[in-house]
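Trainee: Could you take me through one part of this model up close? I'd like to look at a single helix and what surrounds it, with enough of the overall picture to place it.

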Amino acid sequence: MAVVIESEIWQPHASVFAIILLACFLSVSLLPQFSISGSSQSPFDVGFGGYSASLLRFQRKFLLYYSIGSVMEGLWSVFGDCEAEKLGFGRETIVLSLCSGFLVALCAVGWLGIASDIMGQKRFCILFCILHVIAGIWKKFVPHPTIWIASLCLTLAGAIFSFSFETWMVLEHEKLGHRQEALTDTFWLMTFSESAALTGSQILANWLTGNGSEKNILSPSTVAVFLGMINMNFIARGWTDPPTKVGLQDYKKSLVAIIFGDRRIWLLSCAQASLHFSTALVWIVWAPTVVADGREVHLGLMYPCFMGARMLGSSLLPWFTTSGLSALRTEDFILYSFIISGLVLSFVAYDYQEIGVLLVLFCIFHACAGLMLPSLARLRTMYVPNECRAAMMSMSLVPAFAALLLTIYAGGYRKIIYNSTMMAVAAFSLFVAAGCMYMLKRSAYNGETLMLIARVLLHSG
């Protein structure tokens, strides 16, 4: 008599999705009632209420372009490994392709940020779309060596996406002459819409791959090419890039004097690099960590939970900055978020194998990341001059890519460190970032104290 062993398939309970959606809705809808300005705008106007029509048009147009770019990024991140396996590539080949992309980005990303500041952000946002179109066409018509070309193009595209769109948005806000609150609202709306777009890209990729093979006309590669061309057309027609007023020599002097001479910018760059490194490493390692105990898991149902937690975290930023309910400074809640994220990954690195607990821990991590991303953008506006913003952001990616290259090569290819060790390294980087934020906080406090003493002496004199 044969014995039938049923495999256990784990998936999140439906109530998890309902709780996350309800929390996001309440966070956004209740915010106007607690706003310092006392505005009672519609929940769907949060971030737009009280601003001029020109800013309203720009924000909606920008968020549309940014969301399309996020869908393009998400299509490759969701479908990339699955496609590589279908083409017959092994795990070691996939890891080497990732390392090659990190190596090229490590060498080029700093110069890309400097070039975008000098040449203008419009050209580099279009370059982001072109790289996605090249990767999609290459995958469609040259199937075998596609993983190497795609890795190079998509890693560079992801790096450009991380600094060009934000810099464009900040420069446009400066040109329109809007106040800091409008910029903060756009920052958290960027993270919120990006997370929603990434969830939509997963649904789209699953539907496309479920309807047939990669050779069908409706495939993730085809859709990515189509979206890239649409976004390229939108950006080229809907954005007038002002002529560059700074020469190369003047920009070089400004870059050296402002960025390399300011200790606060170094601390902020270190925190940004640590967050980028830990987030990228978690995305690479979380799935093997979840299935490490041998049970079958619906990983596709955990992805929306992570993105929903990220949306919730981003929607918390205005509660700390504009609601009047919190006395914390921006440096304070970023510091606490880094500490919480580091503790969460430390628990994961301890090799805890209960999937439900891992889901909760990863959701907490993504909620903290959703809060920290727009908060760090807010600090960049406070400390980094706009003419050097893209250069600073791109240079902060250099140590992140270097750490990713070493960690993934050692753990994924050479297999001399385990997944739990990589999680521990990510946790350590977050604690380092927390130390940087503490020093930045102390620096800001000392500066305010000196200004207060100077004012008292001036008035007493």
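**A close look at helix α12**

Mentor: Sure, and keep in mind that this is a predicted model. The chain has 15 helices and 2 strands. Of its 461 residues, 49% are buried. Take the contacts between residues at least 6 apart in sequence: 84% of them join residues at least 24 apart. As for the outside, the accessible surface comes to about 21400 Å², and carbon and sulfur atoms account for 68% of that.

Now to the helix itself. Helix α12 covers residues 330-349, and it has a part in a nonpolar patch on the surface. That patch is made of Leu328, Tyr336, Ile339, Ile340, Leu343, Phe347, Val360, Ile364 and Phe431, which together have about 750 Å² of accessible area. Two elements, α12 and α13 (355-383), each give two or more residues to the patch. The largest share is from α12, with 5 residues.

On the α13 side, have a look at Ile364, which sits in that helix and is one of the patch residues. Is Ile364 buried or partly exposed? Its relative accessibility is 33%, so Ile364 counts as partly exposed. A patch residue needs over 30% relative accessible area, so at 33% Ile364 meets that cut-off.

Back in α12, Glu331 gives you something else to look at. This residue is in the helix too, but Glu331 has a relative accessible area of 2%, so it is buried. What does the side chain of Glu331 make a polar contact with? The partner is the side chain of Tyr383, at 2.9 Å. If you check the ranges, residue 383 closes α13, so the Glu331–Tyr383 pair links the two helices that we met in the patch.

One last stop, away from the helix: the cysteines. How many disulfides does a search of the whole structure find? The count is 0. Cys125 shows why for its own case: the closest cysteine sulfur, in Cys129, is 7.5 Å from the sulfur of Cys125, too far for a bond. Cys125 counts as buried because its relative accessibility is 0%. Cys24 has a relative accessibility of 7%, so Cys24 counts as buried as well.

Notes: Residues numbered from 1 in each chain as written. Predicted model: local features only at pLDDT ≥ 70, side-chain atom pairs only at ≥ 80, totals over all residues. Heavy atoms only, no water. Helix = DSSP H or I, 4+ residues; strand = E, 2+ residues; numbered from the N terminus. Buried < 20%, exposed > 50% of the residue type's maximum accessible area, 1.4 Å probe, protein only. Contact = heavy atoms within 4.5 Å. Areas by Shrake-Rupley, 256 points an atom, 1.4 Å probe, with all protein chains shown as cover. Polar contact = N/O pair within 3.5 Å; in protein donor to acceptor, adjacent residues only side chain to side chain. Patch = residues over 30% accessible without salt bridge, like charges linked within 9 Å, V, L, I, M, F, W, Y side chains within 5 Å. Salt bridge = Lys/Arg side-chain N within 4 Å of Asp/Glu carboxyl O. Disulfide = S-S within 2.5 Å.
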